[in-house]
Amino acid sequence: MFEPFFASETPRNYVMSVPATYFCSGGCGGDRTDPDLIWYYNNGDCVSMETCKCKLKENKTEVGYAGYNCEQILCNPQCKHGECTAPDVCSCEPQYVGDDCGSPVCTQSCVTDKGYCAAPDFCQCETGYYGFDCSGLCQCGEHGTCNSGSTGNGMCTCESLYIGEKCDQNIVLVVIPTLLVAIIVVSGVITAVTLLLVFVIKRERYKAALANNDWKIEYSHVKFSDA
């Protein structure tokens with residue numbers, strides 16, 4: 001049977017080994033606080049045979065360690081993205097901060113009131129904003145859907161019958177007037193061309209008539225009236 005000994009100083013000032021009356025073979029968490037004493041450890045004290053009493057937190061009201069050998073460190077709140085290294089002390093993973101390591105870090109700094117850091121280097125944008133840091137404002141109006149979010153580019157997808165970068169132009173009000181103007185312009189061109197052709201045809205007829213010599217007579221054949 002394992003029987004630990006501890007040092008004891010006698011009245012005659014010499015040291016002798018004395019069997020311990022009780023001990024905890026697995027220790028009580030961490031190292032001994034005193035190498036010469038087998039009952040006191042970092043996380044707890046051995047108070048009777050194989051029985052550990054875990055130490056309290058600094059507030060002296062809550063237990064700071066748990067487990068049969070006080071091997072478990074307690075953190076309240078629990079560490080979300082880190083390790084509990086001492087009672088109520090979390091050692092956070094990279095890009096996480098906070099008492100419970102629950103707050104991610106965004107190096108691009110999400111714009112206040114437009115988004116928040118939801119994961120390391122990832123901004124969760126509020127409705128109507130886009131961009132790596134949520135700084136872009138969607139301008140699609142009531143007839144378009146914005147490509148929003150941290151990976152969005154702000155482009156608008158328009159509803160039926162609406163066009164434009166901001167989806168603010170009704171296709172009926174834009175296309176029909178344009179078509180009417182085009183029809184008027186084409187009609188004017190056709191009319192002008194028609195009038196030009198009529199003019200050219202008439203002119204050619206006059207030229208042809210003038211070129212015809214059938215209407216000419218000799219002067220001697222002309223008779224004058226005596227009246």
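**Close-up views of a predicted model**

Tyr40 is partly exposed, with a relative accessible area of 36%, and this residue opens a set of legends that describe a predicted model.

**View 1. Tyr22, Trp39 and Tyr40 form one aromatic cluster.** A search of the whole structure returns two aromatic pairs. In the pair of Tyr22 and Trp39, the ring centres lie 5.8 Å apart and the planes meet at 40°, so the pair is classed as tilted. Tyr22 and Trp39 both belong to the loop between E2 and E3, so their contact ties together parts of the chain that are 17 residues apart in sequence. Trp39 also pairs with Tyr40, in an edge-to-face arrangement with 6.3 Å from centre to centre and 75° between the planes. The members of the cluster can also be described by their accessibility: Trp39 is buried, with a relative accessible area of 12%, whereas Tyr22, at 25%, counts as partly exposed, and Tyr40, at 36%, is likewise partly exposed.

**View 2. A disulfide links Cys24 to Cys46, with 2.2 Å between the sulfur atoms.** This link belongs to a structure that holds twelve disulfides. Cys24 sits in the loop between strand E2 (15-19) and strand E3 (44-48), while Cys46 sits in strand E3 itself, so the pair ties together parts that are 22 residues apart in sequence. The torsion about the S-S bond is about 90°, so the disulfide of Cys24 and Cys46 is right-handed. Cys24 has a relative accessible area of 5% and is buried, and Cys46, with 3%, is buried too; for both residues the value falls under the 20% limit that defines the buried class.

**View 3. Cys125 and Cys134 are joined by a disulfide, 2.1 Å from S to S.** Here the torsion about the S-S bond is about -90°, so the disulfide of Cys125 and Cys134 is left-handed. Cys125 counts as buried at 12% relative accessibility, and Cys134 counts as buried at 0%.

**View 4. The disulfide of Cys140 and Cys156 has its sulfur atoms 2.0 Å apart.** This pair links distant parts of the chain, with Cys140 in the loop between strand E14 (136-137) and strand E15 (144-146) and Cys156 in strand E16 (residues 156-158), a separation of 16 residues. The link of Cys140 and Cys156 is left-handed, with -90° about the S-S bond, and both cysteines are buried.

**View 5. The largest pocket has a volume of about 180 Å³.** Its lining is made up of Tyr130, Leu137, Cys138, Gln139, Gly154, Met155, Cys156, Gly164, Glu165 and Lys166. By residue class, the lining of this pocket divides into five nonpolar, three polar and two charged residues. Cys156 is one of the lining residues, and Cys156 is also a partner of Cys140 in the disulfide of the preceding view. A reader who follows Cys156 from one view to the other therefore passes from a buried cysteine to a residue that lines the largest pocket, with the buried class resting on a relative accessible area under 20%.

Definitions and conventions: Residues are numbered from 1 along each chain as its sequence is written. This is a predicted model: local features need pLDDT of at least 70, side-chain atom pairs count only at pLDDT 80 or more; totals for chains, interfaces and linings use all residues. Side-chain values use heavy atoms; hydrogens and water are left out. On a 1 Å grid over the protein atoms alone, a cavity is a set of points where a 1.4 Å probe fits but cannot get out, and a pocket is an open set with protein on both sides within 12 Å along at least five of seven lines; lining residues have an atom within 4 Å of a point. Grid points are joined across faces, edges and corners, and a volume is the space filled by probe spheres set on the points. Ala, Val, Leu, Ile, Met, Phe, Trp, Tyr, Cys and Pro count as nonpolar, Asp, Glu, Lys and Arg as charged, and the others, Gly among them, as polar. A disulfide is a pair of cysteine sulfur atoms within 2.5 Å. Helices (H or I, at least four residues) and strands (E, at least two) are DSSP runs, numbered from the N terminus. Buried means under 20% relative accessible area, exposed over 50%, partly exposed in between (1.4 Å probe, protein chains only). Rings of Phe, Tyr and Trp (its six-membered ring) pair if their centres lie within 6.5 Å; planes under 30 degrees apart count as stacked, over 60 as edge-to-face and the rest as tilted.
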